[in-house]
Amino acid sequence: MTGELVITGQAGLNPAQFAQLSDIPPELEWLANITNAKTRRAYKVDVAEFITFTNLKDHSALRTVTRAHVIAWRKDIAARSLAPTSIRRKLSALSSLFDYLCERNAVLGNPVDGVKRPASNNNEGSTPALGDAQVRRLLEAPAPDTLKGVRDRAILATLLYHGIRREELCLLRLRDVHSRQGVMHFRVKGKRDRIRFVPVHPMVLRLIGEYLEMGKHGGAVSHENLDSPLFRPVSNNRTGTLDKHLDPGSIYRNIVMKYAKLTGITAEAVGVCVHSMRATAATNALSNEADIAKVQEWLGHANVSTTRLYDRRKTRPEDSPTFHVKY
């Protein structure tokens, strides 16, 4: 699993490259066919870990893997006290590989089928969602009179009101905020390069407008710079270049966690992170009776079971008997 498919800038393949691609094992074809870079990296590590555990000498030995090997690996990774989500992902990676090998008639069956996976936390996600008061504190935290503060408030509002992923936010360009049927939408490029259109909340549209105006985007927007990033650095001491996309890691460190610590939210909500912005938006929408199929489409989930992780209507604290006890 260490090789890569040939990438060339030529108009066509030469005979040697053609022969090289013909000899690529299906395991590498499977990996190359995963379009999301983050998923591809994780799956590559997971499968490599399984190969190391089973002491397989080469890719052809995967044909000899049985369910017993997979169960032994599952017990090994469970003994390391990994989170249930990590164990499920590792088994999913291996299952995805063997599904592909089955399609190619490289193996007779998928040995991961029938191997039990950890329960999914009673169908509720573990990422903490924020309450309304915490959201208001977070949005009020950035300075209102600096470019960074105005930008950061617009970023936080975009995450909290629309539930988009931080990677999706970083990829937004000026042209990705546009009108559809008279309503402003974000054009969001999600996982597997799927495109979805998300209506922009009026308050978020106002905050973005204030940021663009202060950042000198406003009067300078033209057909020539519509591909410029919507959210960009306010300073760059290394190269001086500001016309660049923000780094997802910077969204985590310098925006979400910065203001969560500043407002004391990190002490109140254990495990709060960037994904909490997405969990907050989804939980809030579902709690206010949004259709779960619409929320699935809104979040860009391939499967509604993922969306259900954010449905916490059955565990609302205000419905607990605790608040009905009277003395």
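**Reading terms off a predicted model**

Modeller: Met214 lies in helix H9, which covers residues 202–214, and the model in which we see it is a predicted one.

Colleague: Why is Met214 called partly exposed?

Modeller: The relative accessible area of Met214 is 36%, and a residue is called buried under 20%, exposed over 50%, and partly exposed in between. The value 36% falls in between, so Met214 is partly exposed.

Colleague: What does Met214 touch, leaving aside its neighbours within four places in sequence?

Modeller: Met214 is in contact with Thr146, Leu147 and Val150. Of these, Thr146 is 68 residues away from Met214 in sequence, yet the two C-alpha atoms are 8.7 Å apart in space.

Colleague: Let us turn to the loop between H3 and H4. Why does Leu56 count as buried?

Modeller: Leu56, whose place is in the loop between H3 and H4, has a relative accessibility of 17%. Buried means under 20%, and since 17% is under that cut-off, Leu56 counts as buried. Neighbours within four places in sequence aside, the contacts of Leu56 are with Ile51, Ala61, Leu62 and Val65.

Colleague: What makes Asn55 exposed?

Modeller: Asn55 is also found in the loop between H3 and helix H4 (67–79), but its relative accessible area is 51%. Exposed means over 50%, and 51% passes that cut-off, so Asn55 is exposed. Asn55 also has a phi near 60°, which is a positive value in a residue other than glycine.

Colleague: How do you know that Ser81 is exposed?

Modeller: The reasoning runs along similar lines. Ser81 has a relative accessible area of 65%, which is over the 50% that the word exposed requires, and therefore Ser81 is exposed. Ser81 sits in the loop between H4 and H5, and its phi, near 60°, is positive although Ser81 is not glycine.

Colleague: Why is Lys191 called partly exposed?

Modeller: Lys191 has a relative accessible area of 39%, and as this lies between 20% and 50%, Lys191 is called partly exposed. Its place is in the loop between strand E2 (183–189) and E3. Not counting residues up to four places away in sequence, Lys191 touches Asn36, Arg165 and Glu168, and its C-alpha is 8.8 Å from that of His301, which is 110 residues away in sequence.

Colleague: Now for pairs of helices. Why are H3 and H5 called roughly perpendicular to each other?

Modeller: Helix H3 (residues 37–54) and helix H5 (residues 84–103) pack at an angle of about 85°, and their axes are 9 Å apart. Angles from 65 to 115 degrees count as roughly perpendicular, and 85° falls in that range, so H3 and H5 are described that way.

Colleague: Which residues of H3 and H5 meet?

Modeller: From H3 the contact takes in Ala42, Tyr43, Asp46, Val47, Glu49 and Phe50, and from H5 it takes in Arg89, Lys90, Ser92, Ala93, Leu94, Ser96 and Leu97. Sorted by class, this contact has seven nonpolar, two polar and four charged residues.

Colleague: What makes H6 roughly antiparallel to H7?

Modeller: The axes of H6 and H7 come within 9 Å of each other and cross at roughly 155°. Angles over 145 degrees count as roughly antiparallel, and 155° is over that value, so H6 is roughly antiparallel to H7. In their contact, Val135, Leu138, Leu139 and Glu140 of H6 meet Arg153, Leu156, Ala157, Leu160 and Tyr161 of H7, and these residues divide into seven nonpolar, no polar and two charged.

Colleague: How do you know that H12 is largely enclosed by the rest of the structure?

Modeller: Of the 13 residues of H12, 10 are buried, and so H12 is largely enclosed by the rest of the structure. Among the buried residues are Ser276, Met277, Arg278 and Leu286, and what covers the buried residues of H12 includes helix H6 (132–140), helix H7 (147–162), strand E3 (195–199) and helix H10 (248–262).

Colleague: How does the reach of H12 from its first C-alpha to its last stand beside what is expected at 1.5 Å a residue?

Modeller: H12 (residues 275–287) reaches 18 Å, which is close to the expected 18 Å. H12 is followed by Glu289, whose phi is positive, near 70°.

Colleague: How many helices and strands are there in the protein?

Modeller: The protein has 14 helices and three strands, and buried residues make up 39% of its 327 residues.

Terms used. Residues numbered from 1 in each chain as written. Predicted model: local features only at pLDDT ≥ 70, side-chain atom pairs only at ≥ 80, totals over all residues. Heavy atoms only, no water. Axes fitted to C-alpha atoms, helices over the stretch in contact; angles between N-to-C directions. Helix = DSSP H or I, 4+ residues; strand = E, 2+ residues; numbered from the N terminus. Parallel < 35°, antiparallel > 145°, perpendicular 65-115°, else oblique. Contact = heavy atoms within 4.5 Å. Nonpolar A, V, L, I, M, F, W, Y, C, P; charged D, E, K, R; others polar. Buried < 20%, exposed > 50% of the residue type's maximum accessible area, 1.4 Å probe, protein only. Expected span 1.5 Å × (residues − 1).
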